[in-house]
Amino acid sequence: MKTVLYSVIIPTFNEQHTIADTIDGVLAILPGAEIIVCDASPTKETLWQAGAADITVTSSEPSRGKQCNLGAELASGDILLFLHADTTLPYNAAELLFAFFSLPENQAATFRLKFDVDHILFDTYSFLSKFDSVYTRFGDTCIVFRKDFFNRIGKFPDYAAYEDVEILRRAREKTKIGSLPGFVRTSARRKIMNGLVKQQFLNFRLISSYLLGFSASRLSKIYHSSVNKKGHNSAIIFAKYPHPGKVKTRLAATLGEKSAVKLYKLFAEKLIKLIRHMPDMRKYIFHPDEEDGKLMRRWGGIRFFYGLQKGDDLGIRMKNAFKMVFSHGAKKAVIVGTDVPDITRGIIREAFQSLDTCDLVIGPSLDGGYYLLGMKQPNEELFQDISWSTASVYVETLRKISRQGKSCFILPALIDVDSEADLKRWIQESRQGSQKRIKKGHKLESIEKETGKIIEYLC
């Protein structure tokens with residue numbers, strides 16, 4: 001049986017934050033594949049990040065069509081995969097590709113599309129990607145050709161954009177474009193930066209204009225100039241779906257799973273409600289279990305984007321979450337945990353405001369950790385070599401910030417409720433706080449009203 005050699009061609013432009021992960025993914029999913037990075041960045045940062053062993057890296061003029069063609073000229077494989085730098089292949093890509101191209105009549109294909117975060121509108125785009133049309137198949141679905149077929153149809157046009165529309169149009173004149181039954185995941189950054197519906201309408205209008213004969217060069221300038229470069233604030237919640245036995249396990253050991261789930265839901269839903277109604281920011285919920293995706297979306301609602309927590313420890317998971325939201329155009333990002341019942345909208349606002357003058361912001365919890373962390377740019381070092389889930393997390397993090405020479409704003413310390421002792425302390429302080437507010441004539445917050453219900457429930 002003949003061994004098929006795949007050449008994976010990755011055109012890049014200022015993709016230094018994504019290219020290493022993309023290459024690692026290809027090496028893991030298609031071992032033995034030839035990888036060719038064709039970079040058009042004004043600096044060499046992307047090439048430095050891509051400079052792994054056995055990877056071909058080369059420079060090109062800033063035209064994705066030219067970059068793809070240069071990669072194809074250098075490729076030695078029988079099958080060419082044109083993969084965007086912010087896109088990852090499905091875990092079973094090797095099996096799917098082998099099955100498809102084992103039939104000699106099959107010449108071209110794309111995968112189906114998903115995004116790096118979930119949203120109800122993205123479900124629609126994903127569903128439509130299985131249909132082959134000029135409005136549903138693009139380069140971000142990873143275009144795959146037999147090399148001899150690619151050469152016969154005339155390669156990519158020399159366009160900075162819509163080169164994928166044109167090459168697929170030419171291919172359809174010669175063959176049927178297959179739909180591989182696996183999902184690539186691509187970055188949702190352009191849609192999040194520009195607005196989900198707005199970006200989709202712009203895409204439809206520009207593609208229609210291209211089909212009507214408008215200049216591809218002119219349309220590509222409109223497409224690239226449409227990116228919202230102002231940036232936005234992003235709020236991140238780390239949460240689990242409240243399955244009994246999977247949340248508040250230390251509380252469940254003494255109070256029982258039913259009580260632990262009730263408390264967790266109360267605290268988490270307060271935070272979700274606070275952030276859901278905060279204006280002028282992108283809102284994310286990151287959860288650890290892919291199988292809970294639909295449940296999380298139903299729980300949190302349509303105002304959030306939903307992503308998976310990725311990594312072996314809390315630090316790596318937070319690092320990856322920050323990395324993703326910054327890739328989506330965030331200028332400030334704040335991550336908040338669900339275990340702090342006294343969090344307020346004012347504290348969250350103060351966290352974002354403090355980043356106007358400081359590099360980082362941190363909200364210490366009384367157990368030695370922190371309930372909030374915010375920054376203006378990715379800071380991977382901050383999450384390395386920390387003794388997670390210990391009483392020294394906050395102090396170790398401050399030491400790292402100090403060594404980096406960064407400025408940091410410290411928010412009020414709050415109780416992080418993990419154990420029955422934490423809960424009793426919080427209830428006692430909540431009672432005292434409630435009595436003070438009643439004397440001053442202030443209304444009780446809903447979380448404080450619920451304290452009485454919790455006490456009754458536990459008794």
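The paragraphs below lead through a predicted model, beginning with one strand and its neighbours and ending with two loops.

A good place to begin is strand 1, which covers residues 6–12 and is mostly covered, since seven of its seven residues are buried. In a regular strand the side chains alternate between the two faces of the sheet. Strand 1 can be read in this way: Y6, V8, I10 and T12 point one way, while S7, I9 and P11 point the other way, and all of these residues are buried.

Which strands pair with strand 1? One partner is strand 4, made of residues 79–82, which pairs with strand 1 in the parallel sense over four bridges, and within this pairing the bridge partner of S7 is L80. Another partner is strand 2, residues 34–39, which runs parallel to strand 1 and is joined to it by six bridges; here P11 has C38 as its bridge partner. To pass from strand 1 to strand 2, the chain goes through helix 1, residues 19–29, and the resulting β-α-β crossover is right-handed.

The aromatic rings offer a second route through the model, for the structure holds 21 aromatic pairs. In one of them, F82 and F150 form a tilted pair, with 5.3 Å from centre to centre and 40° between the planes. Because F82 belongs to strand 4 and F150 to helix 6 (residues 147–152), this pair ties together parts that are 68 residues apart in sequence. Are these two rings buried or exposed? Buried means a relative accessible area under 20%, so F82, with a value of 4%, is buried, and F150, with a value of 0%, is buried as well.

F115 and Y125 make another aromatic pair, this one edge-to-face, with 6.4 Å between the centres and 70° between the planes. The pair links distant parts of the chain, with F115 in strand 6 (residues 108–115) and Y125 in helix 5 (residues 120–128), 10 residues apart. Both F115 and Y125 are buried, and both also belong to a cluster in which ring pairs link F115, F122, Y125, F238, Y284, F286 and F305. A ring can also have a charged residue over it, as with K114, which lies over the face of F183 at 4.6 Å from the ring centre.

From the rings we can turn to strand 9, which spans residues 232–238 and contains H232. The relative accessibility of H232 is 6%, and therefore H232 counts as buried. Which residues does H232 touch, not counting residues up to four places away in sequence? The contacts of H232 are with I192, M193, R282, H328, G329, A330, K331 and K332.

Two loop residues deserve a last look because of their backbone angles, since most residues other than glycine have a negative phi. N14, in the loop between strand 1 and helix 1, has a phi near 55°, a positive value in a residue other than glycine. K248 lies in the loop between strand 9 and helix 11 (249–255), and its phi, near 50°, is likewise a positive value in a residue other than glycine. As for their surroundings, N14 has a relative accessible area of 35% and so is partly exposed, whereas K248, at 9% relative accessibility, counts as buried.

Terms used. Residues are numbered from 1 along each chain as its sequence is written. This is a predicted model: local features need pLDDT of at least 70, side-chain atom pairs count only at pLDDT 80 or more; totals for chains, interfaces and linings use all residues. Side-chain values use heavy atoms; hydrogens and water are left out. Helices (H or I, at least four residues) and strands (E, at least two) are DSSP runs, numbered from the N terminus. Buried means under 20% relative accessible area, exposed over 50%, partly exposed in between (1.4 Å probe, protein chains only). Contact means heavy atoms within 4.5 Å. Two strands pair if DSSP finds at least two bridges between them. A crossover is right-handed if, with the strands pointing away from the viewer, the path from the first strand over the helix to the second runs clockwise. Rings of Phe, Tyr and Trp (its six-membered ring) pair if their centres lie within 6.5 Å; planes under 30 degrees apart count as stacked, over 60 as edge-to-face and the rest as tilted. A charge sits over a ring if NZ of Lys or CZ of Arg is within 6 Å of the ring centre and within 35 degrees of the ring normal.
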